[in-house]
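This briefing concerns the packing of two helices and the salt bridges in the structure shown below. Please read it alongside the sequence and the coordinates.

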Amino acid sequence: MEQEMTDIINHPPHYEACRVVVEPIDVCEAYDFCTGNAIKYICRAGKKDGASEATDLKKARWYLERALASKTLRTTERLPLADTPEGMRIRGAILLLCSQVPLLATLVNYGFQSAIDQLTKRIDDLEGDAS
């Protein structure tokens with residue numbers, strides 16, 4: 001009886017139809033290849049079996065650096081979010097992901113170079129812990 005009450009309180013079935021599920025691919029497809037891959041690796045860092053968090057973050061950093069090198073972006077440029085219906089959908093999706101992935105929030109709020117700096121700091125922290 002207690003379990004049923006908890007489910008009704010915490011996850012009422014009449015609200016389940018309104019639940020929003022976002023996968024990184026929903027956001028990745030809105031950006032160029034390098035930026036999309038960086039987002040993917042940031043989101044999965046430390047979560048995929050067989051892949052270390054440091055390795056995923058190094059890959060994300062590599063893709064962000066590549067994105068910067070291949071474009072005429074300023075290092076402070078943020079992820080563009082178009083003011084179209086599709087852009088608004090992506091904006092909502094990325095905000096949901098940012099609430100779960102702080103390094104992604106850095107990319108969105110402070111730009112490519114700040115994200116690279118934060119990735120480097122986190123990698124250094126992880127590799128310092130390993131030694």
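In this predicted model, helix 4 meets helix 5 through Phe33, Cys34, Thr35, Asn37, Ala38, Tyr41, Ile42 and Arg44 on the helix 4 side. The partners contributed by helix 5 are Asp56, Lys59, Ala60, Tyr63, Leu64, Arg66 and Ala67. Sorted by class, this contact comprises nine nonpolar, two polar and four charged residues.

**Geometry of the helix pair**

- Helix 4 spans residues 33-44 and helix 5 spans residues 53-70, and their axes come within 8 Å of each other.
- The two axes cross at roughly 160°; angles over 145 degrees count as roughly antiparallel, and helix 4 and helix 5 are therefore roughly antiparallel to each other.
- The crossing of helix 4 past helix 5 is left-handed.

**A salt bridge between helix 4 and helix 5**

- Across the whole structure, a search finds four salt bridges; one of them joins the side chains of Arg44 and Asp56, with an N to O distance of 3.0 Å.
- Arg44 belongs to helix 4 and Asp56 to helix 5, so that the pair, twelve residues apart, links distant parts of the chain.
- Both Arg44 and Asp56 are buried.
- Arg44 and Asp56 also appear among the residues through which helix 4 and helix 5 meet.

**A salt bridge between helix 5 and helix 8**

- Lys58 and Glu127 form a salt bridge in which the closest N and O atoms are 2.4 Å apart.
- Because Lys58 lies in helix 5 and Glu127 in helix 8 (residues 112-130), this pair ties together parts that are 69 residues apart in sequence.
- Lys58 has a relative accessibility of 36% and therefore counts as partly exposed.
- Glu127 likewise counts as partly exposed, at 36% relative accessibility.

**A salt bridge within helix 8**

- Lys121 forms a salt bridge with Asp125, the separation of the closest N and O atoms being 3.3 Å.
- These two residues are four apart in helix 8, so about one helical turn separates Lys121 from Asp125.
- Lys121 is partly exposed, its relative accessible area being 47%.
- Asp125 is also partly exposed, with a relative accessible area of 35%.

**Points to retain**

- Which residues form the salt bridge between helix 4 and helix 5? They are Arg44 in helix 4 and Asp56 in helix 5, and both are buried.
- Is Lys58, the partner of Glu127, buried or partly exposed? Lys58 is partly exposed.

How values were computed: Residues are numbered from 1 along each chain as its sequence is written. This is a predicted model: local features need pLDDT of at least 70, side-chain atom pairs count only at pLDDT 80 or more; totals for chains, interfaces and linings use all residues. Side-chain values use heavy atoms; hydrogens and water are left out. Axes are lines fitted to C-alpha atoms, for helices over the stretch in contact, and angles run from 0 to 180 degrees between N-to-C directions. Angles under 35 degrees count as roughly parallel, over 145 as roughly antiparallel, 65 to 115 as roughly perpendicular and the rest as oblique. A crossing is left-handed if the near helix is turned anticlockwise from the far one by less than a right angle, and right-handed if clockwise. Contact means heavy atoms within 4.5 Å. Ala, Val, Leu, Ile, Met, Phe, Trp, Tyr, Cys and Pro count as nonpolar, Asp, Glu, Lys and Arg as charged, and the others, Gly among them, as polar. Buried means under 20% relative accessible area, exposed over 50%, partly exposed in between (1.4 Å probe, protein chains only).
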